Structure formats: structure tokens, C-alpha cells
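Let's work through a few short exercises together. Keep the sequence and the 3D view open, and try each task before reading its solution.

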Amino acid sequence: MILLRQHRERAWDVAAMAFALVLMLAVAVDTEGRTHTGTVVAVVVGVLGAVLLWWRRRWPIEIAVALGACTVLTDAVGGAELVAVFTVASLKSWRVTTAVVVLHVLAPMIWTRLWGEQSILYTAILSLAFVSIPAAWGIVVKARREVIDSLRERAERAESESNLRAETVRGLERERIAREMHDALAHRISLVSLHAGALEVRPDVGAREVEALASTIRSNAHGALEDLREILGVLRSGDVNVPRPQSGVGDIAALIDDSEKAGTQVTFVDEMSADISLPASTSRTVHRVIQEGLTNARKHAPGLPVRCGITQVDNEIRVWLENGIGTGRFATVPGSRSGMIGLTERIELAGGRIEYGIARTSSAVVYRLEAWLPCPN
């Protein structure tokens, strides 16, 4: 593209030089009232002016000024003069173009004063009409070029913004998929790991207990595979915007049952009024808070009791969970440390707030997780 543009510009330069030479010959052939020396000067200066046009794009103002000076010596550079004025008008500001036009009006007046016979006023009017045409044409070409460049820049900017938006959407979708994977698998895999660890550290466990632990491991592994298959199925179908069926407040009992089977004593306090119906998004978020709290308790404080509950405080739903601080004597499940980040984002998007960390109660030091969500009217 750039090479083609350069070739096109060089072709125009050659055409401009040929145009200047043709006008120079037309003037030089007319020897009436011109001495032999004047004819030689006209040819030499005219050829020099035509050759200077080869560099008109690099030094437009300098060449226009030089041709204006040549006009004082002969009128054979008229063709080159037209091209030079056009070049300045198409590349420079209107102030510079005006100054060049004035120069090319004054130069013929000086030539008329020195060598010509017609009146200076006539020469000025004729010169002004002569150079105004290429000047106006150059201004139009410059305006058109600026419009095209503006449209091209706008198109490139729009394309860049479109690519940026697409990349942002892809990034958000990757985060959503990662959050879905965490929500679906962390709870079940932590149960599998905990029960497998119990089999490892308790070789004296009875046959019935081994059967129960193995059944729990199998059911949770099967559930994890089902969740994974469901997420991957959505991805393969290409419709990543299809929402997965997610659990709500009604499934909290199953969470607690899984945790108690894993050896965690869970006390759940439901202080919600029976006539309050939570929206599906709020119900999923409440379930997610309890799920993440129980999962973290099994990871970092295995075997210690957990208290959790839901209550209504003014215009908010309060979801809370407390568990003891782990001593580090038991093997824990490694964490990704991204669960609380995703949970915080989810709650903030729902218009709520969250607090979590170590807290001191009247009887012990506990880890407390609390979330507040807007309560429906």
C-alpha cells in the first residue's frame, strides 16, 4: 500500500514537471519583443523551475519562494509556479498559503516594472486570478484529505475499541467460567479429599465405616463429574450465556448433611420469616455463602464445629457462619484462595456487602463470615 502510494506520487511529480516544461516551451517559443538572451534565460530558468518540482513535497514552501523569485526574471516558470502554489495549499495551513499567494502576486508586478510594458494593476489582477485557481484547488484537496484521514482514524479507533470490548468480554467470560468451576467442584472435591484422608489416617476403621466413607467418596466424585460435564457441555455448545441451574436456600440442608457426614458438626439457625420469598439470585447467593463457609471450614479447621444461619435485619438479609480456628495438627485440603474473591464480587454485584476474618467472642476466637444482601419488600 505504501509502495503504491509512493509510485502514484512520483507519477504526479513527473506529470507536474512535464506540465511546467510544456508551458515553459510555449512561452519561450514566443520571441516577440524578447532578446536572444531573454529567451536563453527563459529556457534555463523554466527548466530549473520544472526540475525543482521533483522535491515539492519535501520542501513545498522553499520551492514556492524560489519559483516566486524566478518569476522576477522570466514569466516562463508560470507552469511550475501553479504547481508550487497548489502544493503549498494542499499541504500547509491557509495562512502559509495566503503568504505564498501574495508573494506570487507581487513577483510578476516586479517583473512588469522591470521588463514588461503593461500596467502594474493589470498584472496584479491577472496574477491574482492566475494563482487563486491552484490555491483554491489545493485547499479543497487538503480538506478532502483531512476528511478521509479523519474517517480512517475513526474506523481504526472503532475497530480497536471493538477488539478491546471483545477481549474484555472474553476475559469476563473466562472469569465467570472459572467461578462456575470453583463453585461446582470445590465443595465436592473437598469432601472427597477429607473422606479419603480419613481412610488414610485411620487404618483401624471397620468394614461398615469403610463402606460408608467409600460411598460418600463415590457419590461426591460422581456429583463433581456431573457438574463438570454440565459446564463443559455448555462450553462445547458455544452458548456460554445459558445459565446453569444453581442451588438456592432450599438446598442448604443438603450442604449441611454432606458436612456432617464428613465429620463436621454444623448448627444451622434459620430466623427468616416464612412469608418472605427470596428472589432466585438472592437465594443462590445465600446458598453460595454457606457453601463457601462450610468448604473453608473443612479445609482449614477440619473436625471443629460450625455455626451458621440466616436472619433478617431491617431491610437486609444477614448470612453468617462461625467456626473455630484450626490448630494445624490435621492435614488440610489446599485452597485456591480465589473462592472468597469470587464470593465478594458476587455479593457486591447483588448490591450487598461482606466481611470475613478472625473475630473474638466472649468465649473463644473464631473465624467469622458475614454477608448482608438487600431484602425484598
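**Exercise 1. Find the helix that holds Ile 110, then decide whether Ile 110 is buried, partly exposed or exposed.**

Solution. Keep in mind that you're looking at a predicted model.
- Step one: go to helix α5, which covers residues 94–114, and you'll find Ile 110 there.
- Step two: the relative accessibility of Ile 110 is 42%. Partly exposed runs between 20% and 50%, so Ile 110 counts as partly exposed.
- Step three: look across to Ala 69. The two residues are 41 apart in sequence, and their C-alpha atoms sit 10.0 Å apart in space.

**Exercise 2. Set Val 40 beside Ala 50, and work out which of the two labels, buried or partly exposed, each one gets.**

Solution.
- Step one: place them. Val 40 is in helix α2, residues 36–52, and Ala 50 lies in helix α2 too.
- Step two: read the accessibility. Val 40 has a relative accessible area of 40%, so Val 40 is partly exposed. Ala 50 has a relative accessibility of 1%, so Ala 50 is buried.
- Step three: check a partner for each. Val 40 and Ala 28 are twelve residues apart along the chain, with 8.3 Å between their C-alpha atoms. For Ala 50 and Ala 20, the sequence gap is 30 residues and the C-alpha distance is 5.5 Å.
- Step four: list what Ala 50 touches beyond four places in sequence. You should get Met 17, Ala 20, Leu 21 and Ala 80.

**Exercise 3. Describe the surroundings of Thr 311 and Thr 282.**

Solution.
- Step one: Thr 311 belongs to strand β2, residues 306–313, while Thr 282 belongs to helix α9, residues 280–300.
- Step two: the cut-off for buried is under 20% relative accessible area. Thr 311 comes in at 10%, so Thr 311 is buried. Thr 282 is at 13%, so Thr 282 is buried as well.
- Step three: leave out neighbours up to four places away. Thr 311 then touches Glu 271, Met 272, Glu 316, Ile 317 and Arg 318. Thr 282 is in contact with Leu 373 and Pro 374.
- Step four: zoom in on Glu 271, whose side chain makes a polar contact of 3.0 Å with the side chain of Thr 311.

**Exercise 4. Take two of the stretches that UniProt marks "transmembrane region", 64–88 and 119–140, and describe the chain in each.**

Solution.
- Step one: the label comes from an unreviewed UniProt entry, which also gives it to 12–29, 35–55 and 94–112.
- Step two: residues 64–88 are 84% helix and 0% strand, with end C-alpha atoms 8 Å apart.
- Step three: residues 119–140 are 95% helix and 0% strand, with end C-alpha atoms 32 Å apart.

**Exercise 5. Find the largest pocket and say what lines it.**

Solution.
- Step one: the largest pocket holds about 1,200 Å³ of space.
- Step two: it has 32 lining residues, and the closest to the centre are Glu 9, Trp 12, Arg 57, Val 141 and Arg 145.
- Step three: trace the elements that give two or more residues to the lining. These are α1 (2–29), α4 (78–91) and α6 (120–201).
- Step four: sort the lining by type, and you get 18 nonpolar, two polar and twelve charged residues.

**Exercise 6. Step back and sum up the chain.**

Solution.
- Step one: count ten helices and five strands.
- Step two: of the 377 residues, 36% are buried.

Note on methods. Residues are numbered from 1 along each chain as its sequence is written. This is a predicted model: local features need pLDDT of at least 70, side-chain atom pairs count only at pLDDT 80 or more; totals for chains, interfaces and linings use all residues. Side-chain values use heavy atoms; hydrogens and water are left out. On a 1 Å grid over the protein atoms alone, a cavity is a set of points where a 1.4 Å probe fits but cannot get out, and a pocket is an open set with protein on both sides within 12 Å along at least five of seven lines; lining residues have an atom within 4 Å of a point. Grid points are joined across faces, edges and corners, and a volume is the space filled by probe spheres set on the points. Helices (H or I, at least four residues) and strands (E, at least two) are DSSP runs, numbered from the N terminus. Ala, Val, Leu, Ile, Met, Phe, Trp, Tyr, Cys and Pro count as nonpolar, Asp, Glu, Lys and Arg as charged, and the others, Gly among them, as polar. UniProt positions are given in the numbering used here, feature names are shortened, and annotations may be inferred rather than shown by experiment. Buried means under 20% relative accessible area, exposed over 50%, partly exposed in between (1.4 Å probe, protein chains only). A polar contact is a pair of N or O atoms within 3.5 Å; within protein, one must be able to donate a hydrogen and the other to accept it, and residues adjacent in sequence count only if both atoms are side-chain atoms. Contact means heavy atoms within 4.5 Å.
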